[in-house]
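Biologist: Please show me the model, and then we can go through its helices one at a time.

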Amino acid sequence: MLWPILKTVLIAMVPILELRGAIPVGVAGGLSLPVAFIAAFIGNLLPIPFAILFIRTIFEWIKRKMPKFKSLVERYENSTRIKAEKAKKYKIFGLMLFVAIPLPGTGAWTGALIAAILEMRLRDAMPPIALGVLIAGIIVSAITYGASALIGLTMPTPTPTVFFNILPNILCAF
């Protein structure tokens with residue numbers, strides 16, 4: 001039971017996949033939807049404070065030390081600057097909304113880069129990013145639940161007992 005939870009957490013930590021990929025993989029791996037949601041939520045948020053604090057420094061180091069990746073990093077930064085301008089217009093609400101939309105090119109990692117580009121403090125950036133991840137998780141969970149019902153997968157019925165019996169296992173994974 002611990003391996004599917006750990007796999008879901010690890011997939012949620014990957015920048016492109018994030019929570020959007022982790023919840024369906026967790027459910028397909030046998031986790032109930034609430035457990036997959038919680039594991040993906042935790043996994044998606046774990047690296048974000050470090051990303052906010054260090055991503056600009058890491059990008060500068062890559063551009064100096066790894067010239068082959070310089071254009072890739074610059075393209076990503078320019079793309080994110082354009083998104084940051086849109087988010088800047090609505091400040092914290094814009095950042096939350098940007099992270100909440102579960103589409104390619106959005107999410108907690110890009111939200112962290114936007115926060116870094118806008119020079120937001122960690123304490124100001126984390127709440128809207130976390131709320132955005134929560135909203136994205138609800139959307140992805142609804143889609144996963146609907147898709148699994150359409151293709152005929154049986155999902156365990158979420159009950160508070162199941163949730164509270166599995167929660168200590170999730171927390172022990174860390």
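Modeller: What follows is a set of questions and answers on this predicted model.

Biologist: How far apart are the end C-alpha atoms of helix α5, residues 67-100?
Modeller: Helix α5 has 34 residues, and a straight helix would reach 50 Å at 1.5 Å a residue. The ends of α5 fall short of that span. The distance between its end C-alpha atoms is only 34 Å.

Biologist: On which residue is the kink in α5 centred?
Modeller: The kink in α5 is about 135°. Its centre is K91.

Biologist: Which helices do the buried residues of α5 pack against?
Modeller: The buried residues of α5 include V73, E77, T80, A84 and A87, and also G94, L95 and F98. Their packing partners are α4 (48-65), α6 (108-117) and α7 (122-150).

Biologist: What distance separates the end C-alpha atoms of α4?
Modeller: Helix α4 has 18 residues, so at 1.5 Å a residue it should span 26 Å. The model agrees with that expectation, the end C-alpha atoms being apart by 24 Å.

Biologist: Where is the kink in α4 centred?
Modeller: There is a bend in α4 of about 55°. The residue at its centre is F54.

Biologist: What covers the buried residues of α4?
Modeller: Among the buried residues of α4 are I48, A51, I52, I55 and F59; I62 and K63 are buried as well. The cover includes α3 (33-45), α5, α6 and α7.

Biologist: Are α1 and α2 roughly parallel or roughly antiparallel to each other?
Modeller: Helix α1 (residues 2-13) packs on α2 with the axes 7 Å apart and an angle of about 160°. Angles over 145 degrees count as roughly antiparallel. The two helices, α1 and α2, are therefore roughly antiparallel.

Biologist: Which residues of α2 do K7, T8, I11 and A12 in α1 meet?
Modeller: The crossing of these two helices, α1 and α2, is right-handed. On the α2 side, the residues met are E18, L19, G21, A22, V25 and G26.

Biologist: How are α2 and α7 oriented to each other?
Modeller: The axes of α2 (residues 18-28) and α7 come within 9 Å and cross at roughly 40°. The handedness of the α2 and α7 crossing is right-handed. By their angle, α2 and α7 are therefore oblique.

Biologist: Which residues of α7 meet L19, R20, I23, P24 and V27 in α2?
Modeller: L19 of α2 also takes part in the contact with α1. On α7, the residues that meet the α2 set are V133, A136, G137, V140, S141 and T144.

Technical notes
Residues numbered from 1 in each chain as written. Predicted model: local features only at pLDDT ≥ 70, side-chain atom pairs only at ≥ 80, totals over all residues. Heavy atoms only, no water. Helix = DSSP H or I, 4+ residues; strand = E, 2+ residues; numbered from the N terminus. Expected span 1.5 Å × (residues − 1). Bend = angle between axes of the 7 residues up to and from the residue. Buried < 20%, exposed > 50% of the residue type's maximum accessible area, 1.4 Å probe, protein only. Contact = heavy atoms within 4.5 Å. Axes fitted to C-alpha atoms, helices over the stretch in contact; angles between N-to-C directions. Parallel < 35°, antiparallel > 145°, perpendicular 65-115°, else oblique. Left-handed = near helix turned anticlockwise from the far one by under 90°.
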